[in-house]
Amino acid sequence: MPKVVITDAEFSDISWEREFFAQHGVELLFPNSFVVEDVLPLLIDADAIVTNRCPITRQVIEQLRRCRVIVRYGVGVDNVDVETATEKGIIVCNVPDYSTDDVATHAVALLLCCWRKIHFGDAALKRGEWQRYTSIAPVYRTVGKTVGLFGFGRIGKRVSELLYPFGFKIIAYDPYLTEEEFLLHGAERVGFEDLLSRSDAISLHAPLTDETRGVFNREAFARMKRGVVFVNTARGGLVDEEALLWALDEGIVAAAGLDVFVNEPNPNPRLVQNPKVIATPHWAWYSEEAMWDLRRKVAEQVVQALKGERPTYAINWEDLVCR
């Protein structure tokens, strides 16, 4: 009987998964730990691995004897060594579309709350203070202002659509897309330098790669408009958090909405406790509908791979075929 190991998940009740895999003749093990040392003995002889936060590194993959597929609970696969998996003939999958609307909605909610400085009024009232509007001045209308999107994939495109009714002008940076894709979704294609210098608000929607890691550093923040709103619902590693703290202190960033951090689940307290920051604990992906889409699509891809079929979202399939 093939064996699948779910290393860790955001949920603890796996009764649905257990029943689904049993119907397909697959045994399920669920150690529920993102500590490699806890799960490695089970992974060595697994036919399939499902992971959330547990790092599936080169050292782990080199010890796998039977694994045919690794599936990530989520969009990013930065905790999986895709190159090593491909070298070993292992399919790597993600689920890129389960929470597009949810992350986009969350990003827009953070952006608008930061734009209107909602968190300052909320904090004051909770302290028993009735403050005049002058305490948050200046606040500007959204009509005619520019939002810059760093990354224009599924989520970036959806953010562009959601922001349109508020009168924002959308510009976007994504070197991997054609001019037509920007035009079809109402955005102006710009370079990175233009994104920094022209945007009244910047929202991040790019994966974490060697190319994007720490791209929002002190130099990048120094090139932004003074008073910019900064939102990150993508990956914490895109941002040099010390540089962001500097930009907040200098008034370059008027407010920041952050759902992701470099160190999770223990983010920098100076960042999350900063009065100019609205912080949520990596919740942007979540809705009940998104959760079930994710669970179903992950399980289906495991079964597809074990049957010798091409999984729906196999990110390294072409590389494996060409080997």
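**Exercise 1. Helix 5**

What does helix 5 (residues 100-115) reach from its first C-alpha to its last, and what is expected at 1.5 Å a residue? Then work out how this helix is buried and what comes right after it.

*Solution.* Keep in mind that you're looking at a predicted model.

- Step 1: start with the span. Helix 5 has 16 residues and reaches 22 Å from end to end, close to the 22 Å expected.
- Step 2: go through the buried positions. They are Thr100, Asp102, Val103, Ala104, His106, Ala107, Val108, Leu110, Leu111, Cys114 and Trp115.
- Step 3: step off the end of the helix. Just after helix 5 you hit Lys117, with a positive phi of about 55°.

**Exercise 2. Two positive phi values**

Compare the settings of Lys117 and His282: where does each lie, and is each buried or partly exposed?

*Solution.*

- Step 1: recall the background. Most residues other than glycine have a negative phi.
- Step 2: check the angles. Phi is near 55° for Lys117, and near 55° for His282 too.
- Step 3: place them. Lys117 sits in the loop between helix 5 and helix 6, while His282 lies in the loop between strand 12 (277-279) and helix 13 (288-306).
- Step 4: apply the cut-off, with buried meaning under 20% relative accessible area. Lys117 has 13% relative accessibility, so it counts as buried. His282 has 28%, so it counts as partly exposed.

**Exercise 3. Cis peptide bonds**

Which residues does a cis peptide bond with omega of about 5° join, and which peptide bond is cis with omega near 15°? Place the proline of each.

*Solution.*

- Step 1: most peptide bonds are trans.
- Step 2: the bond with omega of about 5° joins Ala137 and Pro138. Pro138 is in the loop between helix 6 (118-126) and strand 6.
- Step 3: the bond with omega near 15° runs from Glu264 to Pro265. You'll find Pro265 in the loop between strand 11 (253-258) and helix 12 (269-272).

**Exercise 4. Around Val82 and helix 7**

What does Val82 touch, not counting residues up to four places away in sequence, and what do the buried residues of helix 7 pack against?

*Solution.*

- Step 1: locate Val82, which belongs to helix 4 (residues 82-87). Its relative accessible area is 22%, so it's partly exposed.
- Step 2: list its contacts outside that sequence window: Val77, Val92, Ile315 and Asn316.
- Step 3: take a distance across the chain. Val82 and Phe152 are 70 residues apart in sequence, and their C-alpha atoms are separated by 23 Å.
- Step 4: turn to helix 7 (residues 154-163), whose buried residues are Ile155, Gly156, Lys157, Val159, Ser160 and Leu163.
- Step 5: find their partners. These residues pack against helix 5, strand 6 (146-150), strand 7 (169-173) and helix 8 (179-184).

**Exercise 5. The whole fold**

How many helices and strands does the protein have, and why is it as compact as a globular protein of that length?

*Solution.*

- Step 1: count the elements: 14 helices and 12 strands.
- Step 2: use the radius of gyration. It is 21 Å, close to the 20 Å from the globule rule for 323 residues, so the protein is as compact as a globular protein of that length.
- Step 3: look at burial and contacts. Buried residues make up 52% of the 323 residues. Of the contacts with a separation of 6 or more, 62% come from residues 24 or more positions apart.
- Step 4: finish with the charges. The mean positions of the 36 positive and 46 negative charges are 4 Å apart.

How values were computed. Residues numbered from 1 in each chain as written. Predicted model: local features only at pLDDT ≥ 70, side-chain atom pairs only at ≥ 80, totals over all residues. Heavy atoms only, no water. Helix = DSSP H or I, 4+ residues; strand = E, 2+ residues; numbered from the N terminus. Rg over C-alpha atoms; globule rule 2.2 N^0.38 Å. Buried < 20%, exposed > 50% of the residue type's maximum accessible area, 1.4 Å probe, protein only. Contact = heavy atoms within 4.5 Å. Lys, Arg positive; Asp, Glu negative; His and termini not counted. Charge placed at Lys NZ, Arg CZ, Asp CG, Glu CD. Expected span 1.5 Å × (residues − 1).
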